[in-house]
Amino acid sequence: MAMLKVTDLNVYYGSIHAVKGVSFEVQEGEIVTLIGANGAGKSTTLNTVAGLLKARSGSVEFEGESLVGIPAHKMVSKGIALCPEGRRVFQDLTVRENLEMGAFIRTDAEATEMRTVVYDRFPRLKERRNQRAGTLSGGEQQMLAMGRALMSKPKLMMLDEPSMGLAPILVQEIFDIIKVFNEMGTTVLLVEQNASMALSVADRGYVLETGRVVKTGTGSELLVDDDVRKAYLGG
Amino acid sequence: MGFITNMINGISLGSVYAIIALGYTMVYGIAKMLNFAHGDVIMVGGYICFIAMNNLGLPPVVAVLLSIVGCTCLGIVVERLAYKPLREAPSLAVLITAIGVSYFLQNTALLVWGADPKAFRSILDLPSIKLFNGQLTVSPISLVTVAACVAIMVGLTLFTTRTKMGKAMRACSEDKGAAQLMGINVNTTISMVFAIGSGLAAIAGVLLCSTYPTLMPTTGSLPGIKAFTAAVIGGIGSIPGAALGGVLLGIIEIFAKAYIGTQLADAIVFAVLIVVLLIRPAGLLGKEIHEKV
């Protein structure tokens, strides 16, 4: 049984049909990526799974249970965390407070334990734990956003454009960390415009175009696919 | 000695403004709305305390506690019934609703308690303290007011920086979507802020009426508007800003009354608002908001 199963999902912004019958699955332990150009409906799909947007029709099942109609703040206790597009760390809160918010539904003991895990993984965050998040660099904020999502001990972590706006050296680091999260036992659903990077770490990928899934395959298959190369990998 | 007396009165009045302004600023911070009914919650708090002391004969401490509980419930109910359905509505609709709630509370009070001003008995039955051979008189209620304001500021600061719910409140104020992703129930958090703000309004109402003992359905309006002014001067959304703005405004008002003229005092208070907004549009301790392009 798939961990996450999305079937025939339709999402509208007012009268704009942003996601048109998208279906995909994520198996436990996988890294799955949704790639596609701007406006393909990738982020909309993630935000709908996370409960921030409402689907017009279609189903979302997580571990066999329907997620339709469940509010966003209940998702994290189901084991789903979303690291949102544009990082959205709490600028006025310190690094440490941001991490505490990530473990909002956890007990203090669990939060302390996860904080040690996050600080081990991101020593920079430990150094800057008492600094306001707004004073961090873009790369550090991305790490904080990922650490914050990890704090809830999610079974499924969804990451929306984690490499956006980062220097190439940091992009590599971010993807290395995604692999580490996965090896720690977290299933990953990744949305990226940086298709070559995403496909190189992903077990499987789905290509979205204007709200539809147009192609699917393993990461390595899609990396050498002619259409995908032409459209997203610069030839 | 006149100067010192005026200063004490100013700080005391300013403390009341500060307590009211805290409610305005916290609600604005999280709900991004100006709750113009906040001033009328003060008036309700005053009436509850008055009835508990005069009609029911309860001791002042119990009366004040009843007043806090009553206003806290009122705040939660008003938010649930009037503002929550408008969460996604344009801010103008919410603003007009808040003015509507204000009229509703005032007129309900008029129906229930009548238009006659009630003579509010101070919650403290102590003689004034005389210092320097009677040259300086300090009323105990002034000291209690200032102490209450300081205690509330310390309490709120600890709450927002040390407790999980306080931090969640700050997280919600900044980004509701991201807060939801953390598992924070935004609606509950907004209710909590309305509850705190209205409880503070009750305290302010009791303190205000103990110093200026006339209670009528419109008692809360002008202090409400002045506290709103104080919140804007301090920087709306900022908790230390509300305290600073409140105390400054109280001092300016009392000094204007003492040295310039009673009639002009309110005009001077609002003139200060205009000047501050011209020089520092975000308020004294407010943050400049950069529009994202």
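Two strands are taken to pair if DSSP finds at least two bridges between them, and helices (H or I, at least four residues) and strands (E, at least two) are DSSP runs numbered from the N terminus. The model described here is predicted, and local features need pLDDT of at least 70, side-chain atom pairs count only at pLDDT 80 or more, and totals for chains, interfaces and linings use all residues. Residues are numbered from 1 along each chain as its sequence is written, while chains are lettered from A and ligands numbered from 1 in the order in which they are written.

A good place to start is strand 3 of chain A. Strand 3 (residues 31-35) of chain A pairs with strand 9 of chain A in the parallel sense over four bridges, and here A:Thr33 has A:Gly205 of strand 9 as its bridge partner. Strand 3 of chain A also pairs with strand 8 of chain A, again in the parallel sense, over five bridges. In that pairing A:Thr33 is matched with A:Leu190 of strand 8, and A:Ile31 with A:Val188. Because five of the five residues of strand 3 of chain A are buried, this strand is largely enclosed by the rest of the structure; a residue is buried if 20 or more other C-beta atoms, placed from the backbone, lie within 10 Å of its own, exposed if 12 or fewer, and partly exposed in between. In a regular strand the side chains alternate between the two faces of the sheet. In strand 3 of chain A, A:Ile31, A:Thr33 and A:Ile35 point one way and A:Val32 and A:Leu34 the other way, and all are buried.

Strand 3 belongs to an open sheet of six strands in chain A, with the order 6-7-8-3-9-10 and mixed pairing. Strand 6 and strand 10 (212-218) of chain A are the edge strands, each pairing on one side only. From one strand to the next the twist averages 15 degrees; angles run from 0 to 180 degrees between N-to-C directions, and axes are lines fitted to C-alpha atoms, for helices over the stretch in contact.

Strand 7 (residues 156-160) of chain A is likewise mostly covered, with five of its five residues buried. A:Leu156, A:Met158 and A:Asp160 lie on one side of this strand and A:Met157 and A:Leu159 on the other, so to speak two faces that are both covered. Strand 7 of chain A pairs with strand 6 (residues 80-83) in the parallel sense over four bridges, where A:Ala81 has A:Met157 as its bridge partner. With strand 8 (residues 187-192) of chain A, strand 7 pairs in the parallel sense over five bridges, and A:Asp160 is matched with A:Val191. Strand 7, helix 7 (residues 168-183) and strand 8 of chain A make a right-handed β-α-β unit, meaning that, with the strands pointing away from the viewer, the path from the first strand over the helix to the second runs clockwise.

Helices cover this sheet too. Helix 7 of chain A lies across strand 3, strand 7 and strand 8 of chain A, running at about 155 degrees to strand 8; two residues are in contact if their C-beta atoms, placed from the backbone, lie within 7 Å. Helix 1 (residues 42-49) of chain A lies across strands including strand 6 and strand 9 (204-209) of chain A, at about 145 degrees to strand 7 of chain A.

Chain A holds a further open sheet, of four strands in the order 2-1-4-5 with antiparallel pairing. Its edge strands are strand 2 (16-26) and strand 5 (65-66) of chain A, each pairing on one side only. Strand 1 (residues 4-13) and strand 2 of chain A pair in the antiparallel sense over eight bridges, and A:Leu4 has A:Val26 as its bridge partner. Helix 1 of chain A packs on this sheet, touching strand 1, strand 2 and strand 4 (57-62) of chain A, and its direction makes about 110 degrees with that of strand 1.

Turning to chain B, the contact between the chains takes 16 residues from chain B and 20 residues from chain A. Helix 6 (164-174) and helix 7 (176-181) of chain B each supply at least two residues of the side of chain B that touches chain A, and helix 6 of chain B gives the largest share, six residues. This side of chain B divides into seven nonpolar, four polar and five charged residues; Ala, Val, Leu, Ile, Met, Phe, Trp, Tyr, Cys and Pro count as nonpolar, Asp, Glu, Lys and Arg as charged, and the others, Gly among them, as polar. The buried residues of helix 6 of chain B include B:Met169 and B:Cys172, and what covers the buried residues of this helix includes helix 3 (95-102) of chain A.

Within chain B, the axes of helix 1 and helix 9 (residues 221-234) come within 8 Å and cross at roughly 70 degrees. The two helices of chain B are therefore roughly perpendicular to each other (angles under 35 degrees count as roughly parallel, over 145 as roughly antiparallel, 65 to 115 as roughly perpendicular and the rest as oblique). Among the residues that meet are B:Tyr17 and B:Tyr24 in helix 1 of chain B and B:Phe228 in helix 9 of chain B.
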